[in-house]
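Trainee: May we go through this structure together? I would like to begin with the cysteines and then look at a helix.

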Amino acid sequence: MEPLAPMRLYTLSKRHFVLVFVVFFLCFGLTVFIGILGPKIIESSIASVEFSNKSEPFTLKSPPLTTYNQELWLTCLVKLDGPEGFIVQRDVNMSVKISGVLSDGSVPYDSKVVHNRTRSLHCTAKCDEIIVAHLGYLNYTQYRIIVDFQNLQTPGVNINYLNFTWKSYNPLFSQVEIWFRFVFVVFTFMVTCLFAHSLRKFSMRDWGIEQKWMSILLPLLLLYNDPFFPLSFLVNSWFPGMLDDLFQSLFLCALLLFWLCVYHGIRVQGERKCLTFYLPKLFLVGLLWLAAVTLGIWQTVNELHDPTYQYRVDTGNFQGMKIFFLVVASLYIFYLVFLVVRACSELKNMPYVDLRLKFLTALTFVVLVISIAILFLRFGVKVLQDNFVAELSTHYQNSAEFLSFYGLLNFYLYTLAFVYSPSKNALYESQFKDNPAFSMLNDTDDEVIYGSDYEEMPLQNGKPLSKNKYQDESDSD
């Protein structure tokens, strides 16, 4: 067994374990409750226009905007009047021209480029919403967009009017997001410092694999909460948003790597070689990280050049990347399940190691179940059509979904840091528990008073007799 710095996990009773989980759920429930009372994430402004076969291009002006609106979407909903049970499925040509407007009414930015795109119109009893344009960051206080549809009219079906909807982040939610990210940054920094302080007297060689990984995950959690997030409201640039996406993907992939290494490393005592132990896991998780970052950068860069860009423009490559991501994710899940099952079967009767395994598995299972529930609530409803990456950031329905996901991961790491950190008397116990001069400290009262069976055996040539031989000699006497 490898030498380990003591963990608080070893000193907790069943009552303490229950208390740890109760505190975890209370903190998580508090963030959900605050989120329920919080503001809506998306604010909308609807402009209805009548449609005729000889309609001129539609000129639309957005509501006044500030940096707290963060992003801007323009969507279109076609209202049809047709026979009962009608179905419309066709491609519609669309041209879009975007101009920036300042508060004084001047137009410093007037794009001469007209973006021509094809959108899919699908209607049954109700038509699906079409995304016209998406602006990832706002340089101007107002935008003017000219939209022109061709071949929108469908034989046998009358188009009554078009509902154009401006969508942006609620400024109140942006302020809530800033404050909660700041609070999580402060708490994470404090937990990181306390965890490092608790291990300062132990050599890094004696740290358990969980303790080593916590020293990596806690600083990455600090980046996940993004201390640079306020720059998004101070600088009109895509860079702070891209940095936030990079930090989130880095932390989440590090968490995936942590699970693989712990469930495998807890069975492998001694030296863990880089080539055989870490490299295969790093390669698998690195593919996931690379695919996620590539998808995000791909969409962002294309939208900077063309706000009407959507993945259907480059369907082949985009779908190939999605399939690649799903295949690698499936391999990761199978590998993780294999490691968990094997670790549980091999270590179920080993003291201390079994306790570490059970606690990590129980807490991680709770976190995964809650995460799946949040994702179901987030994406279970109808998503914005035709924009896989941009729609992800718009589909928090309320502040509760945002705060619950951030709070869940933060409280998960805080709980692990608490149970994996050494207790107050850990250094004293680690120095004396194996010292023969203090061995009586670990004996039971019966062993101290009456002695053990081993101590009662007579010696022969300076060596104790075996128990069976001693009993035979006693019977002969």
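Mentor: The following exchange takes up the cysteines and then one helix. Please note that this is a predicted model, in which local features need pLDDT of at least 70, side-chain atom pairs count only at pLDDT 80 or more, and totals for chains, interfaces and linings use all residues. Residues are numbered from 1 along each chain as its sequence is written, and side-chain values use heavy atoms, with hydrogens and water left out.

Trainee: How many disulfides does the structure hold?

Mentor: It holds 1 disulfide, a disulfide being a pair of cysteine sulfur atoms within 2.5 Å. Cys123 and Cys127 are the partners, with an S to S distance of 1.9 Å.

Trainee: Is that disulfide right-handed or left-handed?

Mentor: The torsion about the S-S bond of Cys123 and Cys127 is about 105°, so the disulfide is right-handed.

Trainee: And is Cys123 buried or exposed?

Mentor: Cys123 is buried, at 0% relative accessibility. Here buried means under 20% relative accessible area, exposed over 50%, and partly exposed in between, with a 1.4 Å probe and protein chains only. Cys127 is buried too, at 7%.

Trainee: What about Cys76?

Mentor: Cys76 is in no disulfide; the nearest cysteine sulfur belongs to Cys127 and is 9.3 Å away. Cys76 is buried, at 1% relative accessibility, whereas Cys344 is partly exposed, at 32%.

Trainee: Changing topic, how many of the residues of α5 are buried?

Mentor: In α5, 20 of the 27 residues are buried, so this helix is largely enclosed by the rest of the structure.

Note on methods. Helix = DSSP H or I, 4+ residues; strand = E, 2+ residues; numbered from the N terminus.
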